[in-house]
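User: Please take a close look at one loop in this model, starting from a single residue. Then follow the neighbouring elements outward, in one connected answer.

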Amino acid sequence: MNKTKMTTEKGIPSSSRVLMLLGQLERLNGEAVVTDTEAIRQVTGKILHLIQTQEKTRKEIMTKGSSGMEVILSSLENTRDLHTILNILCILNELLTVGGGRRIGVFVSKGGTAVLLQLLVHSGREPTPSEELMLQLHSLVAKVGPKDRKFGIKARLNGALNVTVNLLKQNLQNHKLLLPCLQVLRVYSSNSVNAVSLGKSGVVELLFRVIGPYSKKNTTLLKVALDTLAALLKSKMNARRAVDRAYVPSLLAIFQDWHRNDTRHRHMLIRKSILGCIKNITNIKLGRKAFIDADGMKILYSTSTECLPVRTLDPLVNTSSLIMRKCFPKNRLPLPTIKCVFHYPLPHVPASGPVAQLYSQPPGVDDVVDESDDNEDTEVDTENDTENEEDEKDYKGQNDDIETDLNKLRPRQVLSRPFEELRVYERFFKEFSEDFQEYDFESSRPTSHSAANAPKPHRSIIIPTAQPTAGPWAENPRNQALQPIKDEPPQIKDTPVSLDSISVSKAPESKLELELVQGLSQLLMDGPESVNGGCGIGGSQEDGVEQAVLEVPDTAALLPLHDPDMYLEMVKGTHSVPGYTEVAYPDYFGHVAPNFREPMLERVYGVQRTKIFQDIERLIHPADIVDKLVYDLDMQRCPVIDDGDCLKFNSQFESGNLRKAIQVRKFEYDLVLNSDINSNHYHQWFYFEVSSMRVGVPYRFNIINCEKSNSQFNYGMQVLMYSVQDAISGSPRWVRTGYDICYYKNHFSRSSIAAGGQKGKSYYTMTFTVTFRHKDDVCYFAYHYPYTYSTLKMHLQKLSGLRTPQIYYRQDQLCETLGGNGCPLLTITAMPESTSNDHICQFRNRPVVFLSARVHPGETNASWVMKGTLEFLMSSSPLAQSLRESYIFKVVPMLNPDGVINGNHRCSLSGEDLNRQWLIPSVELHPTIYHTKSLLQYLTAIGRTPLVFCDYHGHSRKKNVFMYGCSIKETVWQTSVNTSSCDLQEDLGYRTLPKLLSQLAPAFSLASCSFVVERSKESTARVVVWREIGVQRSYTMESTLCGCDQGKYKGLQIGTRELEEMGSQFCVALLRLRRLTSPLELRNHHTHLLDMESDLIETRCNVTCPTTYVMQEDEPTFLEEVDYSAESDEENDPDLEAAHQDPSSDPEFNHQDSLT
Ligand SMILES: [Zn+2]
């Protein structure tokens, strides 16, 4: 380095004195022994003078290619002369003060940090180090340190920490030297090992001697001291040290003092730094306890309240709020057990299954909270837990869920079951053998398929291996009361259905005053007394009270598939575990999609903070809390308190879900959702009724046991509300409702049993506020547009009535569910044109399209999309006819009727996610999956593998509608593991349908699609049907629960109209797909198809850039400064933050419904 030539060209007359001087300096450095001290002093002194007076000289030294910095550093290394050293340090200080990070970057890259640290250590060894030298050195180090990634380690290894600490000890009153010392300490402390080491050297205590109450003097110094302290307190050991020395009350007192005196808010940053220290101490349990003991909640609550009106003080309010939330004592969820209220005895309980685990706990074990929720922070804080921080930085964010085993990505050729076993499914494919000899094509009247004498649905298949069972239904004592209903003969439909408390009559002209107060409170089915006899209006009241007559809105014209009377009939054949006897009005009246737009809700600034402060007030002013239980499914007789001072709740109807309601304040309720049956979690879906409301008052509702770490409720989604008053006055509809909506982590602890084994987790609150418009209304709230099993049955019956002579429609019962409900299977295609051989042959050989939906009960949107598909398939449009002529559709519209009926969010009665059972479905526990898979296996066995398989789902974390498909190549590309896979041959046909949909359906987004096969999805319908059945175009179609952020519906929440449209556009896309996949048609329609072809070719080219891995959340981290996902130990830890953004590393992610 010493030999480096000045790069300036010698030939050019150099006007630059500084370059000449640097040349001299370089020559002096080159001498073996530095003899001429005076010369060096002179040269460096001149350089310093030039630099101080002429900006351009600084530039000259720092220009690209100049070796000036090397020369200067080399001089600093070589000299022992204090005067020279000070000259050079001053030069460096001048050089690095301006020019921003670039100049410092050059300095660091030339090894400057090490030179400075060595000099620091060397000087520190001298008995009386020069104060001026130490001042200059520390100022420089404070500048350079933050830009050097390895600075913390370098400083420690050089032994520089002690030099600074000693200097600090000796100069606590010397503010001139103290400031750079503290600045350097702050840089040291950013390394966690250093922080521990400095704490041991007593720096925490030293800093506490520097910081103090309000004073206008030395505020810069104070700020640096506080920031250094905060950095040190990130170490648990230092935090404990601070607690032991009672610094928490001191810090609170100092904060209050500044809060009181800093009336003009000049020193907001100092106040924030004090809070920063408290925030870090309260990361440990002892710190939180100390904070509570010191009355920290009240102190920060009152200071924050005073700060709230001043917007510039937001950082203080936000940090205070964060601390208070962290320290808020964990509460117990107000439940006796987190297990579902309802238990369903399974025909057999697999030892390794979730139900065995659920009920294997010895009686008396509390599953709501952990025995000791205090486990965090009790481990001894050693340096080891921070020692390997550098390694952690190398943590690879790569997702290990992507399937890398090529064998698992290749189709499995072997037929898994003997054909003899599959032959029994032949009966579901009569269309393959139908010869229509009895069919009278002349009169165009279907005889074998007339609506009047439609063939009875097939009895469910009895698989020889299955245990004969009388049906678990009968064995459930809870349901015995309902038996008579089940066996009752169907009612005659023409007479009004008489209900317990009201009669329903279709009399729009009726002028009767509606006695809604009583009449609307319940819609009970006739038959024996309700199972919940004590609930609401019972039979005994009937005598005294005149029956109210309920006017049913006439929606026949608007809702061709809806008929209230028929709905009641359907409900009677629906078997629920709780034995519901009530019917919810929305399902009874039906839903007419509103004509107005429903934009996503714009979030009001600070709404989450306001809600959290209201929650904190519960602790501060406990006397204000009503805490009155108003609805409780856990109690046998389910008291509905009616003292006129609180809302009435009800959820005891099909698809209902609400376990408990507690009045917290006059107009605020905490709500607890029920787990899926035979499970202790999966709560997200809700559907309940509210009555006895006051008009014009904002009611706040908090669902307090949500599980997911984030929700679309933070991104514009509103809840759905249905007003019976509105329905009766002509607007029967669900509308997006609620304001002040947000979703955040709360203080209800979640036991490790329900948190995947992790202790110290909390639930989340979803809060919304509603102002009711009508007196004596009955309103319903739901997570998404409800779609019950009874609704499906009604729709299917209505659809079958739409048959024309051109339509071949058949409804079979695929099997019976565990709960004793039929699982419908539909076959839709076009009738053959005639009985001629050619026509029959064309009819039988149409490619099969297999569709299914609603395996996840909480994803009701999937049913609405399916409704759109089915309506299109049954419609009389030429497109629909053309589509029917192209394919045979096999549709299982509801794969999980039991889950839907019982208000589950994700599972079936077996307590399992049915879309994780496709690899080895159990005929007993997962009959719908078992038989659906068998149908597909049968098709493959007879050489009729479907052209397309699509399972409709809903997605709660993303916007738009999109698809997941399967591609070996795109999976392998994601992993970049196997380079030999480049020669993999793969047909790109799987991309065609999504591409077509993106052109046809406004809600569909191609950019959100993915064709990656994940390990965690290996037992889903999509992957199994692709790999085992061999369907290349095997998809999951995900519809948003929230809304769209692209296309025609950008900024709007999704409604049933859009969902149904999606379903019908799916059909149109299939028609286009048919044209593309049929060689004959290709020849006939080549002009039209040229465009499409070129599109596809284009896709083929683009495919080198495969889709991104879609499990990432598409929402940016929420920007409101209160970090609602902050676990006490996580905040501000960059590694953890990164981990947080990668959902795959989030253990919670595994049981969230964003997975298909
Ligand atoms: Zn799903």
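**A loop with a positive phi, and what follows from it**

Analyst: Asp 776 lies in the loop between strand 12 (761-771) and strand 13 (778-782); helices (H or I, at least four residues) and strands (E, at least two) are DSSP runs, numbered from the N terminus. The model is predicted, so local features need pLDDT of at least 70 and side-chain atom pairs pLDDT 80 or more, while totals for chains, interfaces and linings use all residues. Residues are numbered from 1 along each chain as its sequence is written, and side-chain values use heavy atoms, with hydrogens and water left out.

Phi of Asp 776 is near 55°, which is positive although the residue is not glycine. Most residues other than glycine have a negative phi. With a relative accessible area of 31%, Asp 776 is partly exposed (buried is under 20%, exposed over 50%, partly exposed in between, with a 1.4 Å probe and protein chains only). Ser 692 also has a positive phi, near 65°. Ser 692 sits in the loop between strand 7 (687-691) and strand 8 (698-706), and its relative accessible area of 33% makes it partly exposed.

Strands 8 and 12, each of which borders one of these loops, are joined by seven bridges and run antiparallel; two strands count as paired if DSSP finds at least two bridges between them. Cys 706 stands opposite Tyr 764 of strand 12. Both strands belong to an open sheet of six strands in the order 3-5-6-8-12-11, with mixed pairing. Strand 3 (628-632) and strand 11 (739-750) are the edges: each has a single partner strand, so one side of each has no neighbour in the sheet. On average, neighbouring strands here are turned by 25° against each other, direction ignored (axes are lines fitted to C-alpha atoms, for helices over the stretch in contact, and angles between N-to-C directions run from 0 to 180 degrees).

Helix 32 (residues 607-620) lies across strand 5 (660-665), strand 6 (668-672), strand 8, strand 11 and strand 12, at about 45° to strand 11; contact means heavy atoms within 4.5 Å. There is also an antiparallel pair, strand 9 (residues 719-723) with strand 10, joined by four bridges. In this pair Val 719 stands opposite Thr 737. From strand 10 (residues 734-737), Trp 734 and Arg 736 point one way and Val 735 and Thr 737 the other, and all are buried.

Further along the chain there is an open sheet of seven strands, ordered 14-15-17-16-18-20-19, again with mixed pairing. Its edges are strand 14 (807-816) and strand 19 (961-964), each with a single partner strand, so one side of each is left without a neighbour in the sheet. The average turn between neighbouring strands is 20°, direction ignored. Strand 16 (residues 848-853) runs parallel to strand 18 (residues 948-955), with five bridges between them; Leu 851 has Cys 950 as its bridge partner in strand 18.

Two helices lie across this sheet. Helix 39 (residues 927-941) crosses strand 14, strand 15 (822-830), strand 16, strand 17 (888-892) and strand 18, running at about 130° to strand 14. Helix 43 (residues 1056-1077) crosses strands 16, 17, 18, 19 and 20 (1033-1040), at about 155° to strand 20.

Strand 18 also supplies a zinc donor. The zinc ion is coordinated by His 856 (ND1), Glu 859 through two OE entries, and His 953 (ND1), at 2.1 to 2.3 Å (donors are N, O and S atoms within 2.8 Å of the metal, or 3.2 Å for Na, K and Ca; water is not among the atoms, so sites may look incomplete). Glu 859, in the loop between strand 16 and helix 36 (860-873), and His 953, in strand 18, are 94 residues apart and link distant parts of the chain. The donor spacing in sequence is H-x2-E-x93-H. The arrangement is irregular because the four donor atoms subtend angles of 58 to 150°; four donors are tetrahedral if all angles lie between 85 and 135 degrees, and four are square planar and six octahedral if opposite donors are over 155 degrees apart and all others between 65 and 115, anything else being irregular. Glu 859 is buried at 2% relative accessible area, as is His 953 at 0%.

Cys 966 is buried too, with 1% relative accessibility, and Cys 1067 is buried at 0%. The disulfide count is zero, a disulfide being a pair of cysteine sulfur atoms within 2.5 Å. For the chain as a whole, there are 46 helices and 20 strands, and buried residues make up 59% of its 1156 residues.
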